[in-house]
Each structure stands twice: as structure tokens, then as C-alpha cells.
Amino acid sequence: MSSITDVPALKRRPAWSELAAHHEALAPQHLRDLFAADERRGERLTVEGAGLFLDYSKNRVTDETIELLVALAEQSGLERHRDAMFSGDRINVSEHRSVLHVALRMPKGSSLIVEGIDVVAQVHEVLDRMRGFCDRIRSGDWKGHTGKPIRNVVNIGIGGSDLGPVMAYEALKHYTQRDLTFRFVSNVDSTDFVEATRDLDPEETLFIISSKTFVTLETMTNARSARDWALAALGDESAIAKHFVAVSTNAEKVSEFGIDTDNMFGFWEWVGGRYSMDSAIGLSTMLAVGPDGFAELLAGFHEMDEHFRTAPLRENLPALMGLLAVWYADFFGVQTMGVMPYEQYLKRFPAYLQQLTMESNGKHVTLDGAHVDYDTGAIYWGEPGTNGQHSFYQLIHQGTRLIPVDLIGFGRSLNPLRDHHDLLMSNVFAQSQALAFGKTEEEVRAEGTAEDVVSHRVMEGNRPTNVILAEELTPRVLGTLVALYEHSVFTQGAIWGIDSFDQWGVELGKALAQAIIPELKSDAEPDLQHDSSTNALIRRYRAMR
């Protein structure tokens, strides 16, 4: 691990102090002035790769800023850290694990040997089995217990076992087999399961239970309810094998549940949940878009992987986006980042990114366990355009908080209709322009505005945006977009010197919930080890039940 930990503490790296001084000089400057001083700025501060185009010219940066950020990346060992990940080194230090989601999308015939095992060969063995299974379901060859073909697929998971599949299904809905219905259940709230299955026929329904250990509390609670729901209609225990499959590595638990282990699709400890949508966790995605569509998705991931692995940092899309995120978080004090896709199919993309970004970089200690003395992961959020423009954009334009925004757009609509797409994309460019340049008092007065409302109509501008463009939303492009943010998150974590691949904060809440569950059903006094508030809440809940 010495290759990724033997760097000075962040604030002791020369580029850090240079960036601090540079920020002090740059912060008072306005994007209006930066553009006025360089008529080619909008053409120069762009980068292209893996089918994506990034215009970062409307960021509060100069050429010197980028040079210093790249220097910080080099002094932080970003390239060594990146190479260690691609080589299968155990860069997840708190769990002593490799981080190899990049192996999930390596082409067939390539090889990556980790501790004597070709992990790419293992990946493609599972992908081939997934392909065969999906072909049988999609063609109608697979029959349910009563001889009917499967027409409904319900994925039961939580976290990465849900957010990735849901996002991918919604994003690629244009490409899905429309005679198949897909539903997703994650919340342990019974309403989630009841509403997802209310109008489905058990004879035509397949459940995918996605849990690596097959003991995840929320997932297995929903899985047992699904089992009861199916058996109430089908009656025969043997029906489970025809209506349930598993994405798991725990063959014993899967078999106990009644699922044929021939229909268990595995993955590996080096696949983190939030990085798993292109593993067997993506079984519902492959069922929806077909094996060839899923292969295109993987190809997009791999194309961005190769761009990140090989492109110089100054021309590297995810590296630049990650460095800009560090620049705003640690020098401008930015707390939140907006991601606004101007594509209705990407309506769940911001929710997916919330887990990817905040579970990865919501950390307060470095790789060697020292407490950080700088801000790490920002809060990511967003909604599809143009909806957000009529709700929260007001705060971004005229509020007191600086919120950098990624605006994602496409050259062509998958559903062309009159002039809708031109109108949609005009808003991408207009919002980017308005956020950057705003409207001055002089411009407001020139419009004939009454003096007593001039100040209300002034927009300061100087609000940064990235504009990300692709030709069309395809499975391949979705893969490149997801990988873009994966590697941006990685870049940020490498600069901050944190472990972006564990999530111990999530585990604490799970452990405490397990202790509280039996107390909710007990008549005994709550455990004195709880605090007074928790005990009082337990008593009140018992009374309400």
C-alpha cells in the first residue's frame, strides 16, 4: 500500500498552498471578466473523450488554476492510486479488499490476474450464464409453475442492488422489451412491496433477490413477503424454483430459500454495492434491454475506464471534474453540487449519484486513520430539466450559497416531437449562460425597470457550471456517463487521501436497528443501554401499535 499512502498530508503538499494563494487572488474576479479577457476561452476550456464532450469554461478557473490542480493531483499520487486500482491492489484499506469494478466491463478475451486468478474470465463466465437465462425469459421459453411465460420481473434489493438497476431501467426504457413489466422493491416499508405487486399475476411473475450475503435485513424481509405472496397463489413449494432467482454468493442460504442454485448468479467481494450495476446485480437490466444492449452498456463503461486510465490529466474528463469538485469544496467552501440531466429518461440519475458520491467520499479520516482537517465529500442532488428551473433554480441564481452545477444534454431526442428538443436544449445553454454572467444593475435599468425593484432583478452570476454533451442517450453512452462520475469520485478520494470504497457509517445504523427490533415487540422495559430519547420513542411506538 506504500504507493498510495506515502504522500505528504494534503495541506503539506506544495500545490495546496499555491492553490490557496491563487484562490485569494482569483476569488474576486468574475466570469464576465475572465471571458472578456480571452475571446477563445469557451473553445479552449473543453475536453472530449469516450463519446462525451465537457465544456468547463464557465468554472471559476484560469489556466493557472488547472495547472495547479493537476500539480496537486500529481503530488497526491493520483496516477499511482489509479494504476493500483486497475492492477487489483487492495486499495480498500479498511476492508483489505481490491476494488475491481473496472474488471466487470473488460472485454472477453482480455485478462487481469489478481492473486493468481483471472478475474475477467470469472466475470465472463457469469455474464454468459446471465445471457442464457435472459434469452430464455425474453423468448418465453422459460415457463412459470403453471406453464405460463414470465411477463413481470420484480427486482428486490437495497442500496446498490436497487439504485443502479432502477436508474438503468429508467434511463434505457426506450430500448426495453415492452411486453415485460419491471418493478423494483427496496424499502422495508411494506407499502413498497404491496404497491409494486398489486396488479401483477403471480403465475407470470419472476422475482430477482439481490443480496450478496442473502441475509441483508431489508432485502430478505421483502423476499420472504414475496415468497408468501407467490405461494398464496401457486400453492406448491416447488413453484419457488420457477419464480425466484438469486444474485448472491451464499449458495446455502439461497438453497434454503427454495431457489435452485443453478439460477444463482454470483459476484465477488471486490465489487462494492454502489459499483455493482454492471455485475450480476444488473440482471434486471439485461432482461430489460437484452444481452446485446447490456454488452453495449459495458462497452461504454470500459471506454471511459480506458480514457481515465490513459489520458493525460489535463485532458482527462473524470480527473478534471474531480479536481474541480475539490477546488470548490476546499477553497470556495462549497457544500452541495447539482447534477441536472436534461433528459427525462435520466430522472433517477441524480438519485443514483447520491449513493455513488456521498457513500464513497463521506469520510472523516485518511487512509492511515488520521482525522482530516479539510472538507471531503459534498452533497450531491438534482432533478431533470426543465422541471428544476421552476422550483429550486431560483436559489442557485439568486441565493447566498454557491452551488456548482453539471448540466447534461444530448444532441438528439429518442422521442422527437415538434420543436421540443430544441426548446429543451436551449434551456441547457441559457441556464449555463445565465448562471455564469447573470444580469447587472445597468442591464436591468436598461430594460426600463422601476428603480425600486432594480435590486430584486439583479442576478450576480459567477455561478459555475459544467456542460456535458453526448449525441444520444444509448446503453453505451449511459455506461460512459456512470463511469465518468465513478472516476471523478475516485479522483476526489485520491486527493483527499480517504478510502472511497468502504461505508462503515451505513453499517452502524444497521447494527443498532437489529438490537432495537426485538424491543419493539416486547413488553419489557427497553434496554438501559439506549439513551433516554430512544427508550422514550420505543415506549411511544409500542403504545401507538
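Trainee: Happy to look at this predicted model with you. How many bridges join strand β5 to β6?

Mentor: Good place to begin. Strand β5 covers residues 152-156 and runs parallel to β6. One of the pairs is Asn155 with its bridge partner Phe184 in β6. The number of bridges joining β5 to β6 is five.

Trainee: In what order do the strands of that open sheet stand?

Mentor: The sheet is made of five strands, and their pairing is parallel. β6 (181-185) and β9 (264-265) each have a single partner strand, so one side of each is left without a neighbour in the sheet. With those two at the edges, the order reads β6-β5-β7-β8-β9.

Trainee: Helix α8 packs on the sheet; what angle does its direction make with that of β6?

Mentor: Let's place the helix before giving the angle. α8 spans residues 160-171 and touches β5, β6 and β7 (205-210). Its direction and that of β6 make an angle of about 150°.

Trainee: How many of the residues of α8 are buried?

Mentor: The helix is mostly covered. Among its buried residues are Gly160, Leu163, Val166, Met167 and Tyr169. Besides β5, β6 and β7, the buried residues pack against α13 (283-310), α15 (349-361) and α20 (475-496). The count of buried residues is 12 of 12.

Trainee: What does α8 reach from its first C-alpha to its last?

Mentor: The helix has 12 residues, and at 1.5 Å a residue the expected value is 16 Å. The model comes close to that expectation, with a reach of 16 Å.

Trainee: Glu115 has a positive phi; is this residue buried or exposed?

Mentor: Glu115 is not a glycine, yet its phi is about 50°. You will find this residue in the loop between β3 (113-114) and β4 (117-118). Its relative accessibility is 58%, and the cut-off for exposed is over 50%, so Glu115 counts as exposed.

Trainee: And Phe214, which also has a positive phi: buried or exposed?

Mentor: Phe214 is another non-glycine residue, with a phi of about 60°. Its loop runs between β7 and α10 (217-234). The relative accessible area is 3%, and buried means under 20%, so Phe214 is buried.

Trainee: One last point: which residues does a cis peptide bond join, with omega about 10°?

Mentor: Look in the loop between β11 (379-381) and α16 (393-398), where Thr386 lies. The cis bond has Thr386 as one of its two residues. The pair it joins is Gly385 and Thr386.

Notes: Residues numbered from 1 in each chain as written. Predicted model: local features only at pLDDT ≥ 70, side-chain atom pairs only at ≥ 80, totals over all residues. Heavy atoms only, no water. Pairing = 2+ DSSP bridges. Helix = DSSP H or I, 4+ residues; strand = E, 2+ residues; numbered from the N terminus. Contact = heavy atoms within 4.5 Å. Axes fitted to C-alpha atoms, helices over the stretch in contact; angles between N-to-C directions. Buried < 20%, exposed > 50% of the residue type's maximum accessible area, 1.4 Å probe, protein only. Expected span 1.5 Å × (residues − 1).
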